[in-house]
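Here is a short report for a newcomer. Look over the sequence and the fold, then read on.

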Amino acid sequence: MGIRFRKSITIAPGVRINLSKSGVSATLGVKGASLGIGKGGVHANVGLPGSGIFYRKKLPLPWPGKGKSGSSTSSKEVSGQGNEGSVEQMNAAIQEIIDIHLRARPSHEKPEYIPADFGEPLPALPPAPVPLWVRILVLVAAVVLVYHTKGLSFLPWAAWEGFIYWSRKKRQKALLEDHEERRKQFEKAEAERAVRFTENMERAGDDPEGALEAAISAIDWPRETRASFQVDGDRAFLDVDLPEIEDMPPSVFSWSKRNGLSENPKSETRLRKDYARHVHGVALLLMGECFRSVPAIREIILSGFTQKVRGDTGRTEDQYLYSVRALREQWDDIDFRRLNMLDPVAVLEGFELRRDMTKTGIFKAIEPFSLQ
């Protein structure tokens with residue numbers, strides 16, 4: 001809850017932001033497998049670089065906004081092209097959200113600013129303004145009239161097709177120029193952020209909260225997140241606004257030669273466990289950035305909360321899911337070389353932890369550690 005702290009910041013999503021006349025959209029993931037987010041909803045984009053295989057499908061994912069999942073209760077076939085390798089890439093992009101703890105770092109690693117990738121592909125040749133079936137009819141008419149016009153019927157058809165192609169190339173040129181301008185502005189903004197980040201890190205001893213803000217803001221975050229914090233001597237206090245379980249990707253994908261690409265909704269238990277894994281990973285990622293960005297910090301108290309609607313009043317209130325107290329010595333005891341083998345839920349249990357969660361990932365509200 002922001003009222004407990006001196007400073008509150010909003011961490012922008014660590015995704016590629018695309019601005020256009022149709023609104024704001026974003027892309028999360030890796031090359032060949034990404035999630036596109038925009039006014040039209042969330043789309044899965046899967047392709048194998050260099051193979052020419054590409055698949056795009058609208059998904060019932062409210063991520064990173066808030067809302068209810070629209071997934072069905074059974075597996076359903078998804079039309080489109082793909083193969084087993086592309087499905088693995090898509091599932092890996094979704095798993096990256098769940099396993100956010102894998103990006104936590106030990107305290108001895110010096111923080112560095114990693115510039116974001118512009119990520120937006122070059123505009124392709126726009127589609128023809130005239131439907132293909134109309135153009136085919138015109139071509140057929142030209143062929144029919146070849147004998148009667150001694151072949152001259154092809155001239156207006158060729159001129160028409162040439163004009164269509166020229167207009168498409170002209171439009172693509174304008175799109176390419178706009179793309180290049182936005183890329184330059186993006187890279188300029190990233191360079192300025194990198195300079196500010198370096199300056200704040202160099203002043204960590206004199207302004208630990210400034211260094212902490214810079215480190216947290218530089219995290220590649222999958223959703224817009226509100227964090228509140230303060231530093232008192234060698235102690236840091238943080239509250240983080242966690243996602244709701246409805247924000248989590250609700251499906252996995254599979255491939256078979258017979259049915260092609262299929263979307264398989266997760267069970268409620270699987271979804272809750274994925275959610276628990278993610279929100280515990282959020283705490284680990286944030287604690288790692290705190291310890292390595294401000295060497296003077298010896299202790300961190302971090303609490304995670306979500307917004308719930310009260311059944312008696314209908315008002316939204318913050319409810320804490322966990323509150324953890326961690327010492328630098330405890331953090332340094334983690335073997336980060338085997339982070340991929342560790343369960344973030346169990347790792348957080350190694351610290352002093354307040355949490356009321358069942359084995360299947362059902363949370364109950366708790367009272368967080370105080371700032372005393």
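Does Val144 count as buried or exposed? Val144 counts as exposed because its relative accessibility is 56%. Buried means under 20% relative accessible area, exposed means over 50%, and partly exposed lies in between, with a 1.4 Å probe and protein chains only.

This is a predicted model, where local features need pLDDT of at least 70, side-chain atom pairs count only at pLDDT 80 or more, and totals for chains, interfaces and linings use all residues. Residues are numbered from 1 along each chain as its sequence is written, and side-chain values use heavy atoms, with hydrogens and water left out.

**A surface patch**

Val144 lies in helix H2, residues 132-144. Helices (H or I, at least four residues) and strands (E, at least two) are DSSP runs, numbered from the N terminus. Val144 also belongs to a nonpolar surface patch of about 450 Å². Its other members are Leu132, Ile136, Val140 and Leu145. Patch residues have over 30% relative accessible area and no salt bridge (a side-chain nitrogen of Lys or Arg within 4 Å of a carboxyl oxygen of Asp or Glu). Nonpolar side chains are joined within 5 Å.

**A cavity**

The structure holds 1 cavity of 30 Å³ or more. The largest cavity has about 40 Å³ of space. A cavity is a set of points on a 1 Å grid where a 1.4 Å probe fits but cannot get out; lining residues have an atom within 4 Å of a point. The lining includes Trp221, Arg223, Asp241 and His278. Strand S9 (235-241) and helix H6 (268-293) are the elements that give two or more residues to this lining. By class, the lining has 6 nonpolar, 2 polar and 2 charged residues.

**Loops and a strand**

Three further residues are set out below.

| Residue | Location | Relative accessibility |
|---|---|---|
| Phe351 | loop between helix H8 (344-349) and strand S14 (352-357) | 7%, buried |
| Lys364 | strand S15 (residues 363-364) | 53%, exposed |
| Lys150 | loop between helix H3 (146-149) and helix H4 (154-202) | 79%, exposed |

Phe351 and Ala326 are 25 residues apart in sequence. Their C-alpha atoms are 5.6 Å apart in space. Lys364 and Gln319 are 45 residues apart along the chain, with 8.6 Å between their C-alpha atoms.

What is the phi of Lys150? The phi of Lys150 is near 55 degrees, a positive value in a residue other than glycine. Most residues other than glycine have a negative phi.

Conventions
Patch = residues over 30% accessible without salt bridge, like charges linked within 9 Å, V, L, I, M, F, W, Y side chains within 5 Å. Areas by Shrake-Rupley, 256 points an atom, 1.4 Å probe, with all protein chains shown as cover. 1 Å grid on protein atoms, 1.4 Å probe; cavity = no way out; pocket = protein on both sides within 12 Å on 5 of 7 lines; lining within 4 Å. Points joined across faces, edges and corners; volume = space filled by probe spheres on them. Nonpolar A, V, L, I, M, F, W, Y, C, P; charged D, E, K, R; others polar.
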